[in-house]
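Here is a short tour for anyone who likes to think about a protein through its side chains. Have a look at the model first, and then we can walk through it together.

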Amino acid sequence: GLYHSLPRSILSETGDTNSRSLSLGFEIPEEWKGTALGKQVVVESYHLSQHALGIEYSIRNDSDSEFLFSLGIHPYFSFGQDSTVDDLYLFGSGFQEVKLGDYLIPERIV
């Protein structure tokens, strides 16, 4: 929750007519600098192809001590008027394939 509304700056951007990639760095507030929280480097990357959008987070701890970090994301995108919740899938590391069910609640596919 601490990072979700922080300003971001573009770190890199690549692409052609078939795919695009964008990496964003979080701008750390002045009051965090010099603290353990200010020494966490988070990069948010988006990879868009003709058929998929990948979202990747990279987290690096530059402090001298252990820092526990929890990440929960809730991306929402409109896929057009002809799509329904039954057409949406989530893919990612840390889980297999997840289909969104009623009320956009993930359902594990076995």
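In what order do the 4 strands of the open sheet follow one another? The order is β1-β2-β3-β4, and the pairing is antiparallel. Please keep in mind throughout that this is a predicted model.

**The sheet**

The two edge strands are β1, residues 8-15, and β4, residues 53-61; each of them pairs on one side only. Averaged over the sheet and ignoring direction, neighbouring strands are turned by 15 degrees against each other. Inside the sheet, β2 (residues 19-26) runs antiparallel to β3 (residues 40-49), and 7 bridges connect the two. If you would like a landmark for that pairing, take Leu 24: its bridge partner in β3 is Glu 44.

**Salt bridges**

Glu 44 is a good place to move on to charges. How many salt bridges does a search of the whole structure find? The search finds 4, and the table shows three pairs from among them.

| Acidic residue | Basic residue | Closest N and O atoms |
|---|---|---|
| Glu 44 | Arg 8 | 2.6 Å |
| Glu 30 | Lys 33 | 3.0 Å |
| Asp 62 | Arg 60 | 2.8 Å |

The pair of Glu 44 and Arg 8 links distant parts of the chain: Glu 44 sits in strand β3 and Arg 8 in strand β1, 36 residues apart. Is Glu 44 buried or exposed? With a relative accessibility of 4%, Glu 44 counts as buried, because the cut-off for that class is under 20%. Its partner Arg 8 is partly exposed, at 30%.

The pair of Glu 30 and Lys 33 has its own pattern of accessibility. Glu 30 is exposed, with a relative accessible area of 58%, while Lys 33 is partly exposed at 47%. For the third pair in the table, Arg 60 comes out as partly exposed at 46%, and Asp 62 is partly exposed too, at 41%.

**The aromatic cluster**

Which residues do the ring pairs link into a cluster? They are Tyr 3, Phe 26 and Trp 32. The structure holds 2 aromatic pairs. In one of them, Tyr 3 and Phe 26 meet edge-to-face, with 5.4 Å from centre to centre and 90 degrees between the planes. Tyr 3 belongs to the segment before β1 and Phe 26 to strand β2, so this pair ties together parts of the chain that are 23 residues apart in sequence. Tyr 3 and Phe 26 are both buried.

Tyr 3 also pairs with Trp 32. Why is this pair called edge-to-face? The ring centres of Tyr 3 and Trp 32 are 5.5 Å apart and their planes stand at 70 degrees, and an angle over 60 counts as edge-to-face. Trp 32 lies in the loop between β2 and β3, so its pair with Tyr 3, in the segment before β1, ties together parts 29 residues apart in sequence. Like Tyr 3, Trp 32 is buried.

**Polar contacts around Asn 61**

The last stop is Asn 61, which has its place in strand β4. At 32% relative accessibility, Asn 61 counts as partly exposed. Setting aside residues up to four places away in sequence, Asn 61 touches Lys 39, Gln 40, Glu 66 and Phe 67. With Gln 40 there is a polar contact between the side chains, at 3.2 Å. In space, the C-alpha atoms of Asn 61 and Leu 37 are 9.1 Å apart, although 24 residues separate the two in sequence.

Which side chain joins that of Asn 61 in a polar contact of 2.7 Å? It is the side chain of Ser 63. Ser 63 is found in the loop between β4 and β5 (89-91), and at 15% relative accessibility Ser 63 counts as buried. Leaving out neighbours within four places in sequence, Ser 63 is in contact with Lys 39 and Gln 40.

The backbone oxygen of Ser 65 completes this picture. The side chain of Asn 61 reaches that oxygen at 2.9 Å, and a polar atom of the Ser 63 side chain lies 2.9 Å from the backbone oxygen of Ser 65 as well.

Key:
Residues numbered from 1 in each chain as written. Predicted model: local features only at pLDDT ≥ 70, side-chain atom pairs only at ≥ 80, totals over all residues. Heavy atoms only, no water. Pairing = 2+ DSSP bridges. Axes fitted to C-alpha atoms, helices over the stretch in contact; angles between N-to-C directions. Buried < 20%, exposed > 50% of the residue type's maximum accessible area, 1.4 Å probe, protein only. Contact = heavy atoms within 4.5 Å. Polar contact = N/O pair within 3.5 Å; in protein donor to acceptor, adjacent residues only side chain to side chain. Salt bridge = Lys/Arg side-chain N within 4 Å of Asp/Glu carboxyl O. Phe/Tyr/Trp six-rings, centres within 6.5 Å; stacked < 30°, edge-to-face > 60°.
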